[in-house]
Amino acid sequence: RKALYSIAPLQSRNYIVMEVRGNLVKDTRKELLSKFEIPGFKKTALVVVGEPTVDFKKKTLEYMLQIKQEASDRTFKAKKMEEKRQKMVAKQ
């Protein structure tokens, strides 16, 4: 983690610092933000607490189902290709 914090200000990339305790303690947060004082870094904070909204849950469920479906499709296609290959080998 220390290596990342020392190298991060030198590169122009987006970073997310997900340290709950460290970000809630004022002194620790100031110390961490001081490493990113270089122009070009945009500091944004977002605190999310509580039950997610129905829309968020719905979108998340749709996304997860899409990922599962794509994985299932790949497995099905691979299985069909293997069966086809075995039939071709059996014919010869």
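The protein chain carries 22 positive and 11 negative side chains, and the centres of the two sets lie 4 Å apart. In this tally Lys and Arg count as positive and Asp and Glu as negative, while His and the chain ends are left uncounted. Each charge is placed at NZ of Lys, CZ of Arg, CG of Asp or CD of Glu.

The coordinates are those of a predicted model, in which local features need pLDDT of at least 70 and side-chain atom pairs count only at pLDDT 80 or more, whereas totals for chains, interfaces and linings use all residues. Residues are numbered from 1 along each chain as its sequence is written, and side-chain values use heavy atoms, with hydrogens and water left out.

**Fold and overall dimensions**

The protein chain has four helices and zero strands, and from the N terminus on its elements run α-α-α-α. Helices (H or I, at least four residues) and strands (E, at least two) are DSSP runs, numbered from the N terminus. Helix α1 covers residues 2-7, helix α3 spans 26-34, and helix α4 takes in residues 54-91.

The radius of gyration of the protein chain is 24 Å, against a value near 12 Å for a compact globule of 92 residues; the radius is taken over C-alpha atoms, and the globule rule is 2.2 Å times the number of residues to the power 0.38. Along the principal axes, the C-alpha atoms fill a box of roughly 75 × 35 × 25 Å.

Three pairs of residues give C-alpha to C-alpha separations across the chain. A78, in helix α4, lies 56 residues from G22 in sequence and 46 Å from G22 in space. A3, in helix α1, is 24 residues and 20 Å away from D27. T44, in the loop between α3 and α4, is 28 residues from I16 in sequence and 9.5 Å from I16 in space.

**Surface and exposure**

Buried residues make up 7% of the 92 residues in the protein chain, where buried means under 20% relative accessible area, exposed over 50%, and partly exposed in between (1.4 Å probe, protein chains only). The protein chain exposes about 9,200 Å², of which carbon and sulfur atoms supply 59%; accessible areas come from the Shrake-Rupley method with a 1.4 Å probe, and for residues only the protein chains shown count as cover.

By these cut-offs T44 counts as exposed, at 63% relative accessibility. A78, at 46%, counts as partly exposed, and A3 is partly exposed too, with a relative accessible area of 48%.

Y63, M64 and I67 make a nonpolar surface patch of about 290 Å², and Y63 is placed in helix α4. Patches are made of residues with over 30% relative accessible area and no salt bridge, like charges being joined within 9 Å and nonpolar side chains (Val, Leu, Ile, Met, Phe, Trp, Tyr) within 5 Å.

**Salt bridges**

A salt bridge is a side-chain nitrogen of Lys or Arg within 4 Å of a carboxyl oxygen of Asp or Glu, and by this rule the count comes to three. The table gives the pairs with their N to O distances.

| Acidic residue | Basic residue | N to O distance |
|---|---|---|
| E51 | K57 | 2.6 Å |
| E83 | K80 | 3.8 Å |
| E82 | R85 | 2.6 Å |

In the pair of E51 and K57, E51 is exposed, with a relative accessible area of 63%, whereas K57 counts as partly exposed at 40% relative accessibility.

The other two pairs lie along helix α4. E83 and K80 are three residues apart in helix α4, and therefore separated by about one helical turn; E83 is partly exposed, with a relative accessible area of 34%, and K80 counts as partly exposed at 43% relative accessibility. R85 and E82 both lie in helix α4 as well, three residues apart, about one turn of the helix. R85 is partly exposed, with a relative accessible area of 45%, and E82 is partly exposed at 32%.
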